[in-house]
Amino acid sequence: MLLYRMVNPSTGAEVTPKLLALLFDTLVKNPHNMESWDMMLSLIETGVITDAAFLGKMYSLLRPLMSVYPKST
């Protein structure tokens with residue numbers, strides 16, 4: 001998460017897919033990190049994440065947690 005915040009503003013779009021993949025892999029290991037989910041969801045809202053396959057993977061990982069965390073903020 002900190003890596004994403006530090007690297008993305010200075011490098012731009014060319015590194016974003018790698019950073020998103022790293023953040024997603026972290027969520028696979030620990031899907032209960034709500035701050036990371038908030039970051040991913042804000043990136044969807046702002047149009048940074050648009051890949052349908054990636055969105056599908058995110059949804060598959062988040063769906064079982066929806067009943068545990070009805071909202072994150």
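This text walks through the helices of the protein, how they cross, and a few residues that link them.

The model is predicted. The protein has four helices and zero strands. Read along the sequence, the pattern is α-α-α-α. The protein has 73 residues, and 29% of them count as buried. Take the contacts between residues at least 6 apart in sequence: 47% of these join residues at least 24 apart.

Start with helix α3, which covers residues 34-45. This helix has 12 residues. From its first C-alpha to its last it reaches 16 Å, close to the 16 Å expected at 1.5 Å a residue. At the start of α3, a side-chain oxygen of N33 comes to within 3.3 Å of the backbone nitrogen of E35. After the helix comes G47, with a positive phi near 85°. Which residues of α3 are buried? They are M34, S36, W37, M39, M40 and L43.

Now add helix α2, residues 16-29. The axes of α2 and α3 come within 10 Å and cross at roughly 140°. Angles over 145 degrees would count as roughly antiparallel. The two helices α2 and α3 are therefore oblique to each other. Their crossing is left-handed. On the α2 side, the contact is made by L20, L23, F24 and L27. On the α3 side, S36, W37, M39, M40 and L43 take part. Each of these α3 residues is also on the list of buried residues of that helix.

Helix α4 spans 52-62. The axes of α3 and α4 come within 12 Å and cross at roughly 145°. The crossing of α3 with α4 is left-handed. Here W37, M40 and I44 of α3 meet F54, L55, M58, L61 and L62 of α4. W37 and M40 of α3 thus appear in the contact with α2 and again in the contact with α4.

How are α2 and α4 placed relative to each other? Their axes come within 11 Å and cross at roughly 20°. Angles under 35 degrees count as roughly parallel, so α2 and α4 are described as roughly parallel to each other. This crossing, too, is left-handed. α2 contributes L20, F24, L27 and V28 to the contact, and α4 contributes F54, K57, M58 and L61.

Next, look at single residues. W37 is found in helix α3. Is the residue W37 buried or exposed? W37 has a relative accessible area of 1%. The cut-off for buried is under 20%, so W37 counts as buried. Leaving out residues up to four places away in sequence, W37 touches L27, P31, M58, L61, L62 and L65. P31 also offers W37 a polar partner: the backbone oxygen of P31 lies 2.8 Å from a polar atom of the W37 side chain. The C-alpha atoms of W37 and F24 are separated by 9.1 Å, with their positions 13 residues apart along the chain.

I49 lies in the loop between α3 and α4. With a relative accessible area of 6%, I49 is buried. What does I49 touch, not counting residues up to four places away in sequence? The list is L20, M40, L43, I44, F54, L55 and M58. L20 belongs to α2, M40 and I44 to α3, and F54, L55 and M58 to α4.

The loop residue I49 also has a distant sequence partner in T16: they are 33 residues apart along the chain, and their C-alpha atoms are separated by 9.3 Å. T16 is found in helix α2. T16 is buried, at a relative accessible area of 9%. V48 is another partner of this kind, 32 residues from T16 in sequence and 8.5 Å away in space, C-alpha to C-alpha.

Finish in the segment after α4, where P64 is found. P64 is exposed, with a relative accessible area of 55%. The C-alpha atoms of P64 and P31 are separated by 9.8 Å, although these residues are 33 apart along the chain. P31 is the residue whose backbone oxygen lies 2.8 Å from the side chain of W37.

Key. Residues numbered from 1 in each chain as written. Predicted model: local features only at pLDDT ≥ 70, side-chain atom pairs only at ≥ 80, totals over all residues. Heavy atoms only, no water. Expected span 1.5 Å × (residues − 1). Buried < 20%, exposed > 50% of the residue type's maximum accessible area, 1.4 Å probe, protein only. Polar contact = N/O pair within 3.5 Å; in protein donor to acceptor, adjacent residues only side chain to side chain. Axes fitted to C-alpha atoms, helices over the stretch in contact; angles between N-to-C directions. Parallel < 35°, antiparallel > 145°, perpendicular 65-115°, else oblique. Left-handed = near helix turned anticlockwise from the far one by under 90°. Contact = heavy atoms within 4.5 Å.
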